[in-house]
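Student: Please give me a close look at one part of this model, its strand pairing. Then work outward from there to whatever sits around it in the chain.

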Amino acid sequence: MTLEEFGPVSEPVPYRGRKGIITYWPVATREQTVVCGSLRQWRLAVELDFELAWAAFSASPVELRWRAGGREHRWRPDFVARTTEGVRGVLVLKPPGQESVSAARLQVLEAVAQAAGWQVRQVREPSGVRSRNLGWLAGYRFPAGDEEGQERALLKAFRAPTGLRAGVAASGLDALTGLDLAYRMLWQRRLLFDIAQPLLPDAAAWTA
């Protein structure tokens, strides 16, 4: 097992005033559950699971410890992830309203990353229409059964950009069954759509 497939150093514990909840994210493409200590981490986990460039990721599997000013400091970067090309990176969520984590934390992280051959990326918490679209599609990320024939019908119906409900109707599938399957195929990138626009039932989709 590689580092980006480990769980957190210890399971997060909620405390008064924490902005978020602990969530368990079953990854769509492999047998792994990522434990997120906040909703900010959860939103980034959704993004990482959807993006094809990431092969594996885990929330807070390492803890950095150092001494400064006569005190011991501890910090767990948000994610360790590996790309499909085998490049390992440490992803750190920028604090709300700030451009960077503290200089002291960043200095320690960069020193460790340089020694380990990791890349350091500071990223914004996913938000806006894209984040809401992915949050919706994430509920459809797992196959529901043998749907090969139904999938072929949808791929044929969406050969040109077509509204979701209109495409499902053209495929001959039941409205609810067809729309659920269309959402799964959007998550799988077998159907494409403009992710910057709200994913309404009449949003246009087309075959990949």
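Tutor: Start with the rule for pairing. Two strands pair if DSSP finds at least two bridges between them. Keep that threshold in mind, and note that this is a predicted model.

Now apply the rule. β10 and β11 (residues 204-207) are joined by three bridges and run antiparallel. The count passes the threshold of at least two, so the two strands pair. One facing couple is easy to find: F193 stands opposite A205 in β11.

This pair belongs to an open sheet of three strands. Their order is β9-β11-β10, with antiparallel pairing. Which strands are at the edges? They are β9 (162-163) and β10 (191-193), each of which pairs on one side only. F193 is thus a residue of an edge strand, since β10 covers 191-193.

Step back along the chain from β10. R189 is in the loop between α6 and β10. Its backbone deserves a check. Phi is about 70° there, a positive value, although R189 is not a glycine. R189 has a relative accessible area of 22%, so it counts as partly exposed. S60 shares the positive sign, with phi near 50° in a residue other than glycine. S60 lies in the loop between β3 and β4 (64-68). Is S60 buried or exposed? It is buried, because its relative accessible area is 11%, under the 20% limit.

One step further back is helix α6 (residues 175-187), which holds R184. R184 has a relative accessible area of 10%, so this arginine is buried. What covers it? Setting aside residues up to four places away in sequence, R184 touches Y140, F142, P143, A144 and E147. These partners all have numbers below that of α6, which starts at 175.

Helix α4 (residues 148-157) brings a second buried charged residue into view, E151. Its relative accessible area is 14%, which is why it counts as buried. Beyond its neighbours within four places in sequence, E151 is in contact with L181, M185 and R190. Two of these, L181 and M185, fall within the 175-187 range of α6. So α4 meets α6 through E151, where contact means heavy atoms within 4.5 Å. For scale, take E151 and L64. They are 87 residues apart in sequence and 47 Å apart in space, C-alpha to C-alpha.

Next comes another antiparallel pairing, towards the start of the chain. β1 (residues 23-26) and β2 (residues 33-36) pair over four bridges. W25 stands opposite V34 in β2. A hairpin of six residues joins β1 to β2.

That hairpin leads to a pocket. The second largest pocket holds about 210 Å³ of space. It is lined by 15 residues, and the closest to its centre are A28, T29, D49, L52 and W187. A28 and T29 fall between β1, which ends at 26, and β2, which begins at 33. W187 is the last residue of the α6 range, 175-187. α1 (39-50) and β3 (54-59) each give at least two residues to the lining. α1 gives the most, with three. By class, the lining has nine nonpolar, two polar and four charged residues.

For contrast, look at a loop residue with an open side. P96 is in the loop between β7 (88-93) and α2 (103-116). Its relative accessibility is 63%, so P96 counts as exposed. P96 is 29 residues from E125 in sequence, with 8.2 Å between their C-alpha atoms.

Finally, the frame around these parts. The protein has six helices and 11 strands. Its C-alpha atoms fill a box of roughly 70 × 35 × 25 Å along the principal axes. Of its 208 residues, 41% are buried. Among contacts with a separation of 6 or more, 58% link residues 24 or more positions apart. The accessible surface is about 11500 Å², and carbon and sulfur atoms hold 52% of it.

Terms used: Residues numbered from 1 in each chain as written. Predicted model: local features only at pLDDT ≥ 70, side-chain atom pairs only at ≥ 80, totals over all residues. Heavy atoms only, no water. 1 Å grid on protein atoms, 1.4 Å probe; cavity = no way out; pocket = protein on both sides within 12 Å on 5 of 7 lines; lining within 4 Å. Points joined across faces, edges and corners; volume = space filled by probe spheres on them. Nonpolar A, V, L, I, M, F, W, Y, C, P; charged D, E, K, R; others polar. Buried < 20%, exposed > 50% of the residue type's maximum accessible area, 1.4 Å probe, protein only. Areas by Shrake-Rupley, 256 points an atom, 1.4 Å probe, with all protein chains shown as cover.
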